[in-house]
Amino acid sequence: MDTISVTRDIEGKTGLITVRIDEIIYLGTDSRTAILLLHTLDSVYFTAGTLKYWTQVLNASGYCFLLADRNNSINIRRIVEINKLLKVAYFEPESERNKASKYSTMSKSGLKEVLLVITELDSTVVFT
């Protein structure tokens, strides 16, 4: 069980905590700062670094993250549904989603790459 050190607040005032990497559904950027946002199903955590850097680090550590657009890197193994028309990845089945549920957008080329990787992984992702 690998973990990563993060903070609960963007300024880091609450100190470091650890989050299990396999709980991260996607990485995002904050356009106003150089802070990376790590999203789990129920929380957002913060760390320093670039989206590209952390995607490479996590993949080199045996995980499967993909830059889906310029602002998001998706944990491919956490996707349960993809809406191809909207270019959106969901991390919970539709029956369990609500207004607070998280999703990640994808660019046209990002969607193509995600679909290719999912096919290679022989995943059970639902396509709508």
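## Burial and overall dimensions

Of the 128 residues in the protein, 42% are buried. The model is a predicted one.

The radius of gyration is 14 Å, which agrees with the value near 14 Å that a compact globule of 128 residues would have. Along the principal axes, the C-alpha atoms fill a box of roughly 40 × 30 × 30 Å.

## Secondary structure and contacts

The protein contains eleven strands and two helices. Their order along the sequence is β-β-β-β-β-α-β-β-β-β-β-α-β.

Among contacts with a separation of 6 or more, 44% are between residues 24 or more positions apart.

## Surface and charge

About 7500 Å² of the protein is exposed, and carbon and sulfur atoms supply 52% of that area. There are 15 positive side chains and 15 negative ones. The centres of these two sets lie 6 Å apart.

## Asparagine 72

Asparagine 72 lies in strand β7, which covers residues 72-75. The relative accessibility of asparagine 72 is 9%; because buried means under 20%, asparagine 72 counts as buried.

The side chain of asparagine 72 forms a polar contact with the side chain of threonine 105, at 3.1 Å. Thr105 also appears among the residues that asparagine 72 touches when those up to four places away in sequence are not counted. The others in that set are Tyr26, Leu27, Gly28, Leu51, Leu66, Leu67 and Ser104.

How values were computed. Residues are numbered from 1 along each chain as its sequence is written. This is a predicted model: local features need pLDDT of at least 70, side-chain atom pairs count only at pLDDT 80 or more; totals for chains, interfaces and linings use all residues. Side-chain values use heavy atoms; hydrogens and water are left out. Helices (H or I, at least four residues) and strands (E, at least two) are DSSP runs, numbered from the N terminus. Buried means under 20% relative accessible area, exposed over 50%, partly exposed in between (1.4 Å probe, protein chains only). A polar contact is a pair of N or O atoms within 3.5 Å; within protein, one must be able to donate a hydrogen and the other to accept it, and residues adjacent in sequence count only if both atoms are side-chain atoms. Contact means heavy atoms within 4.5 Å. The radius of gyration is taken over C-alpha atoms; the globule rule is 2.2 Å times the number of residues to the power 0.38. Accessible areas come from the Shrake-Rupley method with a 1.4 Å probe; for residues, only the protein chains shown count as cover. Lys and Arg count as positive and Asp and Glu as negative; His and the chain ends are not counted. The place of a charge is taken as NZ of Lys, CZ of Arg, CG of Asp or CD of Glu.
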